[in-house]
Amino acid sequence: MSEALEIGSIVSAEYKTGEYIGEIVEMSSASKATVKVLAVVKHPTQGDLHNPMNPDVAFFHQRRALAHQEIALMPLYTVKPYRGTIPEYSVSLQRALQSELQTLQQTVQWAQRCIEELEQLKKDYSL
């Protein structure tokens, strides 16, 4: 049985491409909840979401994490009860940002390795 969401509930919720821990301050409609941000779980994704992994777009979006105690209208399907300890906002923001940076650095390293392997194959194929 799922727990009912109500004003005052501590939840995890997604807003655009970020994920947060917060407190429901209002049940806005059947499809959204108004949530006050208490911590950051996942930093928002950068760039054009319609053209992922493409740095050469007309407008490369810089997305900031929602601020401490910022109020946001979050899709109800992303709002789930949260039972853990709520980390301090600044610590959670630092962790989320570091995690996002690490993921992107690994992607760069993976892409570089792919280029090296493809260059070797190009030689092997005598192209």
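## Salt bridges, a buried alanine and a surface patch

E23 is partly exposed, with a relative accessible area of 24%. Keep in mind that this is a predicted model.

So what does E23 pair up with? Its side chain meets that of K36 in a salt bridge, at 3.9 Å from N to O. E23 sits in strand β2 (residues 18-26) and K36 in strand β3, so this pair ties together parts that are 13 residues apart in sequence. K36 is partly exposed too, at 23% relative accessible area.

How many salt bridges does the structure hold? There are 3 of them, and here they are side by side:

| Acidic partner | Basic partner | N to O distance |
|---|---|---|
| E23 | K36 | 3.9 Å |
| E100 | K42 | 3.8 Å |
| E117 | R113 | 2.9 Å |

Let's look at E100 and K42. Their closest N and O atoms are 3.8 Å apart. This pair links distant parts of the chain, with E100 in helix α1 and K42 in strand β3, 58 residues apart. Is E100 buried or exposed? E100 counts as buried, because its relative accessibility is 16% and the cut-off for buried is under 20%. K42 has 32% relative accessibility and counts as partly exposed.

Then there's E117 with R113, whose closest N and O atoms are 2.9 Å apart. Both belong to helix α1, and because they are 4 residues apart there, about one helical turn separates them. E117 counts as partly exposed at 38% relative accessibility, while R113 counts as exposed at 51%.

Now for a residue with plenty of neighbours to list. Where does A65 lie? You'll find A65 in the loop between β3 (32-42) and β4 (71-75). A65 is buried, with a relative accessible area of 17%. Leaving aside residues up to four places away in sequence, A65 touches Y20, V40, H43, P44, Y89 and L93. A65 and G18 are 47 residues apart in sequence, yet their C-alpha atoms are 7.0 Å apart in space.

Finally, head out to the surface. Which residues form a nonpolar patch there? They are L118, L121, Y125 and L127, which together have about 470 Å² of accessible area. Y125 is found in the segment after α1 (89-124). Y125 is exposed, with a relative accessible area of 54%. If you want a contrast to look for in the structure, try these two: A65 is buried, whereas Y125 is exposed.

Notes:
Residues numbered from 1 in each chain as written. Predicted model: local features only at pLDDT ≥ 70, side-chain atom pairs only at ≥ 80, totals over all residues. Heavy atoms only, no water. Patch = residues over 30% accessible without salt bridge, like charges linked within 9 Å, V, L, I, M, F, W, Y side chains within 5 Å. Areas by Shrake-Rupley, 256 points an atom, 1.4 Å probe, with all protein chains shown as cover. Salt bridge = Lys/Arg side-chain N within 4 Å of Asp/Glu carboxyl O. Helix = DSSP H or I, 4+ residues; strand = E, 2+ residues; numbered from the N terminus. Buried < 20%, exposed > 50% of the residue type's maximum accessible area, 1.4 Å probe, protein only. Contact = heavy atoms within 4.5 Å.
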